[in-house]
Structures are given as structure tokens and as C-alpha cells.
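Good morning. Please look at the structure on the screen while I talk, and stop me if you lose your place.

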Amino acid sequence: MRFTSEQPLDGGVLEREFTLDGIPGILWTPTAASAPVPLILLGHPTLGLRRMYPRLAARARHAAADGFATATVELPGSGDRPRLPALEQARADLRRAKEAGRPVDEEIVDALVLPLVEEAVPEWRAALDALLALPGIGGPVGYSGGVISIGIRLAVVEPRIAAAGLFAGSLIPRVMFEEARRVTVPLHVLLQWDDEGNDRQAALDLFDAFGSEEKSLHANMGGHTGVPQFAGEAAARFFTRHLG
């Protein structure tokens, strides 16, 4: 891991950009911490870190106020990373289906999500290795956000993930429902009831499939970007309970 920039943010947060094997990432840590702090990995959609930065930095500030470090990495084929031809083709197929008013079939969903999961999850795990080796960061570790299939896979294969807050706001391949049955960590799932780009029933079926003994579903009225402030506060309480 090589740090490429460092700047203090308001609210007592230190932001450091880094690269790991050529993959960009950002680490936020509370400056007032006197002992190693828990870590939350911030998931995000495939829009690129620069475009997502305002929302990610806001989430990091709130987490730092609760005593958590947070970190994220650029997803494969996103931001300044090289394009992935198969992923670009799947995105084009998705756009054409939506423009034509056709249902998004399982083949498109699989092509759009599964290769991303296969590439991204090992990268997240490598980042976790490097982050936990830094002074000032300890366990336990949480995962927060989307892409929800990446969060599912990480919760299954990464034993250092102690709790996950998942955003049910992305397309879900059918095979991920079987993986969801193997998830056992505590879960806090956020669902926007009127999310215009996703299948509400699929999100409800996925929640039902999760194997965790402790799982909660927080559904709010509104579209994909209409998450109310109190929903974030509920997620913060969840992580404080399980990681703090």
C-alpha cells in the first residue's frame, strides 16, 4: 500500500488516498483516536470514486464521529481503471433493455454483476490485509453499502467481516440467493421501497434467504437516492453495537 495524498477534513478526520497494486483507494481515520479503531469498508456502485466522493466522504465523517475508520477502493472497470469489455457490453445491453421497456433478463444481470464480484472481492480482501496492518486500525471489521452481491460474497468468504450493512439497491443474480443462505453475520439491510431501478420483490426474497440469525430490514418510502437521514442513524447504531 502506497499513500499518495493526505489532508485533514473538518470533524476531526484524516483522509489519505492510496494505491494498492495499482488500485486506487481512500482511507479515513478519526484523528482523536488514542487506540486502534474498528474498520468499516465502504461499498459503492460502479460510478467511480470521484463521482461518489461526496457521499463516501460524508459517510466517513459520520463513521469517524462514532469512532470508526473507513476505507474504500475503486471497483474493477470503474473510475480511472481500465475498462472491462465484457462489463461494458453488459452495461450496454442493460441500457438497451431499459430504453426498449423490456424486462432485464437473468443473462444480462449475471453478465453485469458476477464478473464484477469475482474480480472485486479478492481486491477488497487484499485491501483489508493492508489496512489492518496499519497502526491505529484494528478489528473488528464491517462492510457497509453496495454493490450488494459484493457484500454477500465478502460476508461468506471473509472471516474478518463481523457485521454488514447492505443497501438493497442493485440487480441480484439468482446464484447470489444461494450464497445469501451461507451468510451468518449480523445484518442491517436498507431498502428504498420505491427504488425505480430495482426489483422490490427480489430484494425482499433476498432478505428472506439470508442465513443470519440476527437480521433486520429497514424499508423507507422513496426512490434510490431518497434515503432519509434517520436511516443512516439506524445503520450507525447497528455498527456501534456490533463493532464498537
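I will begin with one residue, Thr29. Leaving out residues up to four places away in sequence, Thr29 touches Gly12, Val13, Leu14, Arg16, Ala69 and Ile137. Thr29 is found in strand 3. Is Thr29 buried or exposed? Its relative accessibility is 10%, and the limit for buried is under 20%, so Thr29 counts as buried. Now find Phe68. Thr29 and Phe68 are 39 residues apart in sequence, yet 7.0 Å apart in space, C-alpha to C-alpha. I should say here that this is a predicted model, and that the values I quote are computed from it.

Stay with the strands for a moment. The loop between strand 2, residues 13-20, and strand 3, residues 23-30, holds Asp21. Phi of Asp21 is near 55 degrees, which is a positive value in a residue other than glycine. Asp21 has 73% relative accessibility, and therefore counts as exposed.

Next, the nonpolar cores. In soluble globular proteins, nonpolar side chains tend to be buried together. How many residues does the largest nonpolar core have here? It has 59 residues, and those with the most contacts inside it are Leu39, Leu41, Ile150 and Phe210. Helix 3 gives the most to this core, with 13 residues. There is also a second, separate core of 18 residues, which includes Leu9, Ile40, Ala63 and Phe68. You have met Phe68 already, as the residue 7.0 Å from Thr29.

Let me take Ile150 from the largest core. Which residues is Ile150 in contact with, leaving aside its neighbours within four places in sequence? They are Leu75, Leu116, Val117, Ala120, Val121, Trp124 and Tyr143. Beside Ile150 in the chain is Ser149, which lies in helix 4, residues 148-157. The relative accessible area of Ser149 is 0%, so Ser149 is buried. With neighbours within four places in sequence again left aside, Ser149 is in contact with Val113, Val117, Leu171, Ile172, Pro173 and Met176. Val117 is thus a name to remember, as it appears in the contacts of Ile150 and in those of Ser149.

That brings us to how the helices pack. Helix 3 and helix 4 pack at an angle of about 50 degrees, and their axes are 9 Å apart. What do we call that arrangement? An angle under 35 degrees would be roughly parallel, and 65 to 115 would be roughly perpendicular; helix 3 and helix 4 are therefore oblique to each other. Helix 3 passes helix 4 in a right-handed crossing. On the helix 3 side, the residues that meet helix 4 are Val113, Leu116, Val117, Glu118, Ala120, Val121, Trp124 and Arg125. On the helix 4 side they are Ser149, Ile150, Arg153, Leu154 and Val157. The residues of this contact divide into nine nonpolar, one polar and three charged.

Helix 3 has another partner, helix 2. Helix 2, residues 85-99, and helix 3, residues 106-132, pack at an angle of about 140 degrees, with their axes 9 Å apart. Roughly antiparallel starts over 145 degrees, so helix 2 and helix 3 are oblique to each other. Their crossing is left-handed. From helix 2, the residues Leu87, Ala90, Arg91, Asp93, Leu94 and Ala97 meet Ile108, Ala111 and Leu112 from helix 3. Here the division is seven nonpolar, no polar and two charged.

Two peptide bonds deserve a look. The bond from Gly139 to Pro140 is cis, with omega near -5 degrees. Pro140 lies in strand 6, residues 137-145. The bond from Gly146 to Val147 is also cis, with omega near 0 degrees. Where is Val147? Its place is in the loop between strand 6 and helix 4.

I will finish at Leu204, in helix 6, residues 200-209. At 24% relative accessibility, Leu204 counts as partly exposed, because the limit for buried is under 20%. Leaving aside neighbours within four places in sequence, Leu204 is in contact with Leu191, Trp193 and Leu217. Leu204 and Phe18 are 186 residues apart in sequence and 37 Å apart in space, C-alpha to C-alpha.

That is all I have. Thank you.

How values were computed:
Residues are numbered from 1 along each chain as its sequence is written. This is a predicted model: local features need pLDDT of at least 70, side-chain atom pairs count only at pLDDT 80 or more; totals for chains, interfaces and linings use all residues. Side-chain values use heavy atoms; hydrogens and water are left out. Axes are lines fitted to C-alpha atoms, for helices over the stretch in contact, and angles run from 0 to 180 degrees between N-to-C directions. Helices (H or I, at least four residues) and strands (E, at least two) are DSSP runs, numbered from the N terminus. A crossing is left-handed if the near helix is turned anticlockwise from the far one by less than a right angle, and right-handed if clockwise. Contact means heavy atoms within 4.5 Å. Ala, Val, Leu, Ile, Met, Phe, Trp, Tyr, Cys and Pro count as nonpolar, Asp, Glu, Lys and Arg as charged, and the others, Gly among them, as polar. Buried means under 20% relative accessible area, exposed over 50%, partly exposed in between (1.4 Å probe, protein chains only). A nonpolar core is a set of buried Ala, Val, Leu, Ile, Met, Phe, Trp, Tyr and Cys residues joined through side-chain atoms within 4.5 Å.
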